[in-house]
Amino acid sequence: MLIDDNKTMLLGMEETLSRAGFHVHSYENGPEALKFFKKHPVPLMITDLKMEPMDGIDVLKEVKKVHPQTEALLISAFGTVEDAVQAMQLGASDFLTKPFSNDELRVRVNKLFERIYNNRLLNQLQAENQYLYSEISGAKSVIIGQSEPIKNIFALINRVSAEESAILIEGESGTGKELVARAIHSKSQRADKPFIKINCGALNDNLLESELFGHEKGAFTGAIKQKRGRFELADGGTLFLDEIGDISTAMQVKLLRVLQEMEFERVGSEETLSVDVRIISATNRNLEESILQEKFRKDLYYRLSVIPIKLPALRSRKEDIPLLVQHFLNHLNETKNQNKKLSAKAIELFKDYSWPGNIRELENFIERLYVITDSEIIDEQTTARYLGNNLTTSSNYESMPLDEALFMFEKNMINQAMKQANGVKNRAAKLLGIKTSALYYKLEKFGML
């Protein structure tokens with residue numbers, strides 16, 4: 001953005017910088033320039049120092065209030081050391097005294113844009129590092145199993161990793177959808193770029209929009225600084241949209257537009273940003289059924305599911321249970337510096353249970369047994385006692401009267417949903433496909449309130 005009340009000087013600078021490939025907005029006074037700037041912040045401002053009705057120092061102050069990242073080059077025919085010092089103290093990046101050549105202007109502007117680029121890169125790396133640091137402790141990248149269903153998943157991962165197509169991973173809660181997404185990313189050509197995830201079902205529309213696309217300072221109450229969204233953080237890499245089936249239809253429209261163009265605006269900004277991101281999404285819902293119920297857009301579904309991957313439930317790959325049990329046990333032993341083991345008969349009991357919470361439930365149960373068992377060997381008696389108290393195995397159902405089996409099965413399903421929802425009742429009701437009021441009734445019925 002150029003500001004100079006000398007029209008000849010203004011046109012000369014505009015011509016020089018336009019020929020050098022820069023997109024230039026020119027104004028003959030500060031107020032008009034600021035009116036534009038407040039709607040369209042630019043990375044570099046060049047302003048004359050002595051102007052009416054607003055001088056360059058006052059313009060600089062206002063620009064820094066609106067967008068502190070904007071670099072500023074001040075120019076003056078009456079330049080003094082005091083002027084330069086004051087300008088630098090207020091955040092100016094450079095000071096140029098008239099007259100100056102076209103070549104000198106180009107050199108100064110090129111140096112400032114090199115600084116702008118480096119600052120943007122540094123800010124992006126810092127934002128990525130902050131996000132990735134918060135994720136790294138919980139990141140797991142090992143998929144355990146030798147069963148036929150999981151071998152098919154391994155083969156599919158190897159086949160699709162080299163492609164750029166969008167992938168939709170479908171499967172019940174706890175089946176390892178994020179692990180598969182991470183595995184695809186790690187085998188892709190984007191492996192050295194960020195893998196960024198977001199749980200779409202955990203946020204309302206306003207928060208989700210801000211998390212996905214970022215926001216500008218002052219865009220809404222509490223927006224005290226500019227924030228980069230997950231699309232920006234994932235630029236060049238992979239964005240994992242978990243719980244995609246839970247977003248509202250209004251948010252689906254916004255997301256579809258971004259996926260089609262890979263362009264978006266931060267909340268509170270009119271500047272359009274472009275990114276190069278591979279999309280992997282996941283859901284535990286039947287999206288085709290949601291489409292029929294008009295809860296999910298058909299065009300978004302086809303955009304997301306160019307390559308669909310359906311993960312098997314743990315009950316359909318029970319031969320993998322001993323491997324998974326040993327994997328979780330090894331991890332606990334390493335973490336806690338102990339050497340506990342499960343007896344062979346205890347492991348056999350695990351195969352009799354249907355594991356509605358899948359691998360996540362299995363991992364949590366192993367940790368529970370580990371903590372409550374004092375001896376080095378976790379035997380079948382201890383395992384059976386806690387399976388019987390907290391969960392109901394499929395073999396136990398067979399020996400019960402129908403009304404008792406239905407009672408225990410329903411109680412078990414509600415118990416698992418509450419655990420998966422971390423005790424949030426409306427979320428648990430959604431997982432069960434019932435109204436929250438119905439869930440309260442059942443919790444009271446089973447003495448779980």
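Student: How many cavities of 30 Å³ or more does the structure hold?
Tutor: This is a predicted model. Rolling a probe the size of a water molecule over the atoms shows where empty space is left. For cavities of 30 Å³ or more, the structure's count is one.

Student: How much space lies in the largest cavity, and which residues line it?
Tutor: About 30 Å³ of space lies in the largest cavity. The residues that line this cavity are Pro41, His67, Glu216, Gln226, Arg266, Ser269 and Glu271.

Student: How does the lining of the largest cavity divide by class?
Tutor: Pro counts as nonpolar, while Glu and Arg count as charged. Pro41, Glu216 and Arg266 are among the lining residues. By class, the lining has one nonpolar, three polar and three charged residues.

Student: Which residues are linked with Glu216 in a network of salt bridges?
Tutor: Side chains of opposite charge can pair when their charged atoms come close. Glu216 also lines the largest cavity. Its partners in the network are Arg228, Glu232 and Arg266.

Student: What is the volume of the largest pocket?
Tutor: The largest pocket is lined by 48 residues. Its volume is about 1,400 Å³.

Student: Which residues lie nearest the centre of the largest pocket?
Tutor: The lining divides into 17 nonpolar, 16 polar and 15 charged residues. Nearest the centre lie Gly174, Gly176, Glu178, Asp242 and Arg360.

Student: Which element supplies the largest share of the lining of the largest pocket?
Tutor: Elements that each supply at least two residues include α6 (148-160), α7 (177-187), β7 (195-199) and α15 (358-372). The largest share is six residues. That share comes from α15.

Student: Is strand β10 mostly covered or open, and how many of its residues are buried?
Tutor: Strand β10 spans residues 238-242. The strand is mostly covered. Of its five residues, the number buried is five.

Student: Which residues of β10 point one way, and which the other way?
Tutor: In a regular strand the side chains alternate between the two faces of the sheet. Thr238, Phe240 and Asp242 point one way from β10. The other way point Leu239 and Leu241.

Student: In what sense does β10 pair with β7 and with β13?
Tutor: β7 and β10 pair over five bridges, and Ile198 stands opposite Leu241 in β10. β10 and strand β13 (residues 278-283) pair over four bridges. Thr238 stands opposite Arg278 in β13. For β7 the sense is parallel, and for β13 it is parallel.

Student: What is the order of strands in the open sheet of five strands?
Tutor: Strands of a sheet pair through backbone hydrogen bonds, either parallel or antiparallel. In this open sheet the pairing is parallel. The order is β2-β1-β3-β4-β5.

Student: Why is one side of β2 and of β5 left without a neighbour in the sheet?
Tutor: β2 (26-27) and β5 (94-97) stand at the edges. One side of each is left without a neighbour because each has a single partner strand.

Student: Which residue of β3 does Leu2 stand opposite?
Tutor: Strand β1 (residues 2-3) and strand β3 (residues 44-48) pair in the parallel sense over two bridges. Opposite Leu2 in β3 stands Ile46.

Student: How many residues apart in sequence are the parts tied together by Lys98 and Asp48?
Tutor: The side chains of Lys98 and Asp48 meet in a salt bridge (3.5 Å, N to O). Lys98 lies in the loop between β5 and α5 (102-136) and Asp48 in strand β3, so the pair ties together parts 50 residues apart.

Student: Does Asp48 count as buried or exposed?
Tutor: Buried means under 20% relative accessible area. Asp48 has a relative accessible area of 5%, so Asp48 is buried.

Student: How far apart in sequence are the parts that Arg427 and Glu243 tie together?
Tutor: The side chains of Arg427 and Glu243 meet in a salt bridge (3.0 Å, N to O). Arg427 lies in helix α19 and Glu243 in the loop between β10 and α10 (249-261), so the parts tied together are apart by 184 residues.

Student: Which residues does Thr382 touch, not counting residues up to four places away in sequence?
Tutor: Thr382 lies in helix α16 (residues 380-390). Thr382 is buried, with a relative accessible area of 12%. Beyond those four places, Thr382 touches Leu369, Ile372 and Thr373.

Conventions: Residues are numbered from 1 along each chain as its sequence is written. This is a predicted model: local features need pLDDT of at least 70, side-chain atom pairs count only at pLDDT 80 or more; totals for chains, interfaces and linings use all residues. Side-chain values use heavy atoms; hydrogens and water are left out. On a 1 Å grid over the protein atoms alone, a cavity is a set of points where a 1.4 Å probe fits but cannot get out, and a pocket is an open set with protein on both sides within 12 Å along at least five of seven lines; lining residues have an atom within 4 Å of a point. Grid points are joined across faces, edges and corners, and a volume is the space filled by probe spheres set on the points. Buried means under 20% relative accessible area, exposed over 50%, partly exposed in between (1.4 Å probe, protein chains only). Contact means heavy atoms within 4.5 Å. Two strands pair if DSSP finds at least two bridges between them. A salt bridge is a side-chain nitrogen of Lys or Arg within 4 Å of a carboxyl oxygen of Asp or Glu.
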